[in-house]
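Please look through the sequence and the structure shown here. The paragraphs after them go through the fold and then through a few chosen residues.

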Amino acid sequence: MSDIAVKTLVTIREKAEADGGFNLKRAFAQFDVDGDGSISHEELTTVLLSIIPELAYDQILAVIDMFDPNHDGDVAYVEFAH
């Protein structure tokens with residue numbers, strides 16, 4: 001796992017804990033902006049930049065690759081939780 005992916009996951013966890021405790025389903029729901037049950041690359045990019053504004057495009061792509069290993073364009077809950 002890349003350093004930026006680790007930093008991103010730690011930041012997500014810290015933010016979730018600050019918001020009242022880490023809950024994976026709640027974290028997923030925060031990323032799933034339109035509520036369709038999956039996280040699009042656009043949703044993931046938007047949320048990542050809101051959490052870590054200094055992320056570069058290549059770092060965002062690395063995180064997307066980590067969360068979407070089958071490269072279908074959407075991150076399912078099972079991929080997010082893995």
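Is Asp34 buried or exposed? The relative accessibility of Asp34 is 53%, over the 50% cut-off, so Asp34 counts as exposed. This value, like the others in this text, is computed from a predicted model. Asp34 sits in the loop that runs between helix H2, residues 24-31, and strand E1. It also belongs to a patch of negative charge on the surface, where Asp34, Asp36, Glu42, Asp72 and Asp74 gather.

Before turning to other residues, consider the chain in outline. Five helices and two strands make up the secondary structure of the protein chain. Read from the N terminus, the order of these elements is α-α-β-α-α-β-α. The protein chain has 82 residues, and 34% of them count as buried. Its accessible surface is about 4,900 Å², and carbon and sulfur atoms account for 55% of that area. If one takes the contacts between residues at least 6 apart in sequence, 49% join residues at least 24 apart.

Strand E1 is a useful place to begin with single residues. It covers residues 38-40, and Ser38 is part of it. Ser38 has a relative accessibility of 14%; this is under the 20% cut-off, and therefore Ser38 counts as buried. What is Ser38 in contact with, leaving aside its neighbours within four places in sequence? The residues are Phe28, Asp32, Glu43, Asp74 and Val75. One of these, Asp74, is a member of the negative patch described above.

Two helices come next. Helix H3 spans residues 41-51 and holds Thr46. Thr46 is exposed because its relative accessible area is 53%, over the 50% cut-off. Between the C-alpha atoms of Thr46 and Ile60 there are 9.9 Å, with 14 residues separating the two along the chain. Helix H4 spans residues 57-67, and Leu61 lies in it. With a relative accessible area of 35%, Leu61 is partly exposed. The C-alpha atom of Leu61 is 8.6 Å from that of Thr45, although the two residues are 16 apart along the chain.

Asp65 is found in helix H4 as well. What relative accessible area does Asp65 have? The value is 42%, which lies between the limits of 20% and 50%, so Asp65 is partly exposed. In sequence Asp65 and Val75 are ten residues apart, and their C-alpha atoms are 9.9 Å apart in space. Val75 has already appeared as a contact of Ser38.

The loop between H4 and strand E2, residues 74-76, contains His71. What is the phi of His71? It is positive, at about 55 degrees, although His71 is not a glycine. His71 is also exposed, with a relative accessible area of 53%. Asp72 has its place in the loop between H4 and E2 too. At 48% relative accessibility, Asp72 falls below the 50% cut-off for exposed residues and so counts as partly exposed. The C-alpha atoms of Asp72 and His41 are separated by 9.7 Å, while 31 residues separate them along the chain.

Asp72 leads back to the starting point. It is listed with Asp34 in the patch of negative charge on the surface. Asp34 is placed in the loop between helix H2 and E1, whereas Asp72 is placed in the loop between H4 and E2.

Terms used
Residues are numbered from 1 along each chain as its sequence is written. This is a predicted model: local features need pLDDT of at least 70, side-chain atom pairs count only at pLDDT 80 or more; totals for chains, interfaces and linings use all residues. Side-chain values use heavy atoms; hydrogens and water are left out. Helices (H or I, at least four residues) and strands (E, at least two) are DSSP runs, numbered from the N terminus. Buried means under 20% relative accessible area, exposed over 50%, partly exposed in between (1.4 Å probe, protein chains only). Contact means heavy atoms within 4.5 Å. Patches are made of residues with over 30% relative accessible area and no salt bridge: like charges are joined within 9 Å, nonpolar side chains (Val, Leu, Ile, Met, Phe, Trp, Tyr) within 5 Å. Accessible areas come from the Shrake-Rupley method with a 1.4 Å probe; for residues, only the protein chains shown count as cover. A salt bridge is a side-chain nitrogen of Lys or Arg within 4 Å of a carboxyl oxygen of Asp or Glu. Lys and Arg count as positive and Asp and Glu as negative; His and the chain ends are not counted. The place of a charge is taken as NZ of Lys, CZ of Arg, CG of Asp or CD of Glu.
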